[in-house]
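This report introduces a single protein structure to a reader who has not met it before. Please look through the sequence and the structure shown here before reading on.

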Amino acid sequence: MSHHVIEASAHSNASRDAVWALVRDIDTWQQWGTWSATTLQTPAPGEDPQGVGAVRRLRQFPVTNVERVVEVVPGERLAYELVSGLPFEPGMLALAQLSA
């Protein structure tokens, strides 16, 4: 199997906390991203249902990806591994503060 790397970036004038709130909440992804449906399939154990161990389903016709959250560093990054769907390596969403 071949290896693919996908990188994307975006800029927002919103506060870091506001962006992080959207990144953390899988239910909002279809509102601001290209996904047609996003759901929390299996909540993570413990107090944070979208934390480490959560299984999330993301649909963008004709593909449905299922991913498991493997790391959360609040306000900085959310890492995941693909359970099913496209054949990608583990991924990460990271927030960066740009200098003025």
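The sections below go from the overall fold to the strands, and then to selected residues.

## Overall architecture

The structure is a predicted model. Its protein chain contains two helices and five strands. Along the sequence these elements follow the pattern α-α-β-β-β-β-β.

Of the 100 residues in the protein chain, 22% are buried. The chain exposes about 6900 Å², and carbon and sulfur atoms supply 55% of this area. Among contacts between residues at least 6 apart in sequence, 27% join residues at least 24 apart.

## Pairing of the strands

Strand 1, residues 37-42, runs antiparallel to strand 2, residues 55-60, and five bridges join them. One residue pair in this arrangement is Leu40 with its bridge partner Arg56 in strand 2.

Strand 2 also pairs with strand 3, residues 63-73, in the antiparallel sense, over six bridges. Here Val55 stands opposite Arg68 of strand 3. Strand 3 in turn is joined to strand 4, residues 77-84, by seven bridges, and these two strands run antiparallel. The bridge partner of Arg68 in strand 4 is Glu81. Arg68 can therefore be followed in two directions, since Val55 stands opposite Arg68 and Glu81 is the bridge partner of Arg68 in strand 4.## Turns and a cis peptide bond

Strand 2 and strand 3 form a hairpin, with two residues between them. Pro62 has its place in the loop between these strands. The peptide bond leading from Phe61 to Pro62 is cis, with omega near 5°.

A hairpin is also formed by strand 3 and strand 4, with three residues between them. In this turn, Gly75 has a positive phi of about 80°.

## The aromatic pair in helix 2

The structure holds one aromatic pair. The ring centres of Trp29 and Trp32 are 5.6 Å apart and the ring planes meet at 55°, so the pair is tilted. Both residues belong to helix 2, residues 29-32, where they are three residues apart, or about one turn of the helix.

The accessibility of each partner can be stated separately. Trp29 has a relative accessibility of 7% and counts as buried. Trp32 has a relative accessible area of 44% and is partly exposed.

## Surroundings of Arg56 and Glu67

Arg56 lies over the face of Trp29, at 4.8 Å from the ring centre. The side chain of Arg56 is also joined to that of Glu67 by a polar contact of 2.4 Å. In addition, Arg56 is the bridge partner of Leu40.

Glu67 is found in strand 3. With a relative accessible area of 5%, Glu67 is buried. Leaving aside neighbours within four places in sequence, Glu67 is in contact with Trp29, Ala54, Val55, Arg56, Leu58, Tyr80, Glu81, Leu82 and Val83. This list includes Trp29, a member of the tilted pair, and Glu81, the bridge partner of Arg68.

## A buried residue between the helices

Is Ile26 buried or exposed? Ile26 has a relative accessible area of 0% and is buried. Ile26 lies in the loop between helix 1, residues 16-24, and helix 2.

Not counting residues up to four places away in sequence, Ile26 touches Thr38, Thr39, Leu40, Gln50, Arg56 and Leu58. The C-alpha atoms of Ile26 and Gln50 are separated by 7.8 Å, and the two residues are 24 residues apart along the chain. Two other residues touched by Ile26 are Leu40 and Arg56, which are bridge partners.

Methods: Residues numbered from 1 in each chain as written. Predicted model: local features only at pLDDT ≥ 70, side-chain atom pairs only at ≥ 80, totals over all residues. Heavy atoms only, no water. Phe/Tyr/Trp six-rings, centres within 6.5 Å; stacked < 30°, edge-to-face > 60°. Helix = DSSP H or I, 4+ residues; strand = E, 2+ residues; numbered from the N terminus. Buried < 20%, exposed > 50% of the residue type's maximum accessible area, 1.4 Å probe, protein only. Lys NZ or Arg CZ within 6 Å of the ring centre and 35° of its normal. Pairing = 2+ DSSP bridges. Contact = heavy atoms within 4.5 Å. Polar contact = N/O pair within 3.5 Å; in protein donor to acceptor, adjacent residues only side chain to side chain. Areas by Shrake-Rupley, 256 points an atom, 1.4 Å probe, with all protein chains shown as cover.
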